[in-house]
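Reader: I have a model open on my screen and would like to understand the labels attached to it. Could you take me through them?

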Amino acid sequence: MLNYNLNTYFIVISVISFVSLISAYSIEYLLGHQPCNLCLIQRIPYGLTLILVIINYFFRKNEKFIILLLILIFSFSFIVSFYHYGIEQGFFEESSLCTLKSSSEILSKEELLKQLQIKTVSCKDVTFRIFGFSLTNINIIISLMLFILLSKIFVNYEKLKKKN
């Protein structure tokens with residue numbers, strides 16, 4: 001493990017999360033690639049990470065608990081990303097989650113008919129690639145790396161805490 005203090009690790013994790021979110025929203029809104037529902041779900045861990053790191057920065061209590069929460073968050077992120085990859089590759093069937101629209105938007109039968117006419121993005125369709133990798137592949141790698149890093153931070157917490 002690299003020889004940094006705990007604050008440095010939190011900054012690195014925050015920057016990775018922030019860049020991931022900015023990239024996802026830029027690809028959606030600037031480049032016009034519509035995400036599927038699983039792609040939207042895969043953004044949640046990065047937002048939660050930023051919130052938890054900010055809370056930790058201000059209160060400095062329960063750091064070990066926050067690290068444990070981040071481990072759980074990125075294990076969830078890895079599982080969702082792996083499931084999404086399986087759908088992209090045809091290993092898993094697309095679930096109903098992939099075709100759901102927000103029920104709050106559907107208020108009448110006319111709205112329901114309008115929603116049925118709109119083509120939704122399928123979870124098995126890869127609409128954007130970077131160096132041949134889908135964003136799901138990249139998210140698998142990032143989630144796994146952050147899971148491993150956070151696990152090492154959790155195990156070495158006492159040593160890292162002394163460096164602060």
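Reader: Which residues touch the most other members of the largest nonpolar core?

Author: Happy to help; do keep in mind that this is a predicted model. Leu-6, Ile-67, Leu-70, Leu-150 and Ile-153 have that role, in a core of 21 residues. At least two core residues come from each of α1, α3, α4, α6 and α7, and α4 gives the largest share, six residues. Apart from this core lies another of six residues, including Cys-36 and Val-80.

Reader: How do you know that Cys-36 is in no disulfide?

Author: The nearest cysteine sulfur, that of Cys-39, is 3.4 Å away. A disulfide needs the two sulfur atoms within 2.5 Å, so this pair does not qualify. The structure as a whole holds zero disulfides.

Reader: Why is Cys-36 called buried?

Author: Its relative accessibility is 2%, and buried means under 20%, so Cys-36 counts as buried.

Reader: And what makes Cys-39 partly exposed?

Author: Cys-39 has a relative accessible area of 25%. That value falls between the cut-offs of 20% and 50%, so the residue is called partly exposed.

Reader: How do you know that the span of α3 is close to the expected one?

Author: From its first C-alpha to its last, α3 reaches 23 Å, and 22 Å is expected for its 16 residues at 1.5 Å a residue. Just after α3, Arg-60 takes a positive phi of about 50 degrees.

Reader: What covers the buried residues of α3?

Author: The cover includes α1, α2, α4 and α6. Among the buried residues of α3 are Tyr-46, Leu-50 and Val-53.

Definitions and conventions. Residues are numbered from 1 along each chain as its sequence is written. This is a predicted model: local features need pLDDT of at least 70, side-chain atom pairs count only at pLDDT 80 or more; totals for chains, interfaces and linings use all residues. Side-chain values use heavy atoms; hydrogens and water are left out. A nonpolar core is a set of buried Ala, Val, Leu, Ile, Met, Phe, Trp, Tyr and Cys residues joined through side-chain atoms within 4.5 Å. Buried means under 20% relative accessible area, exposed over 50%, partly exposed in between (1.4 Å probe, protein chains only). Helices (H or I, at least four residues) and strands (E, at least two) are DSSP runs, numbered from the N terminus. The expected span of a helix is 1.5 Å times one less than its number of residues. Contact means heavy atoms within 4.5 Å.
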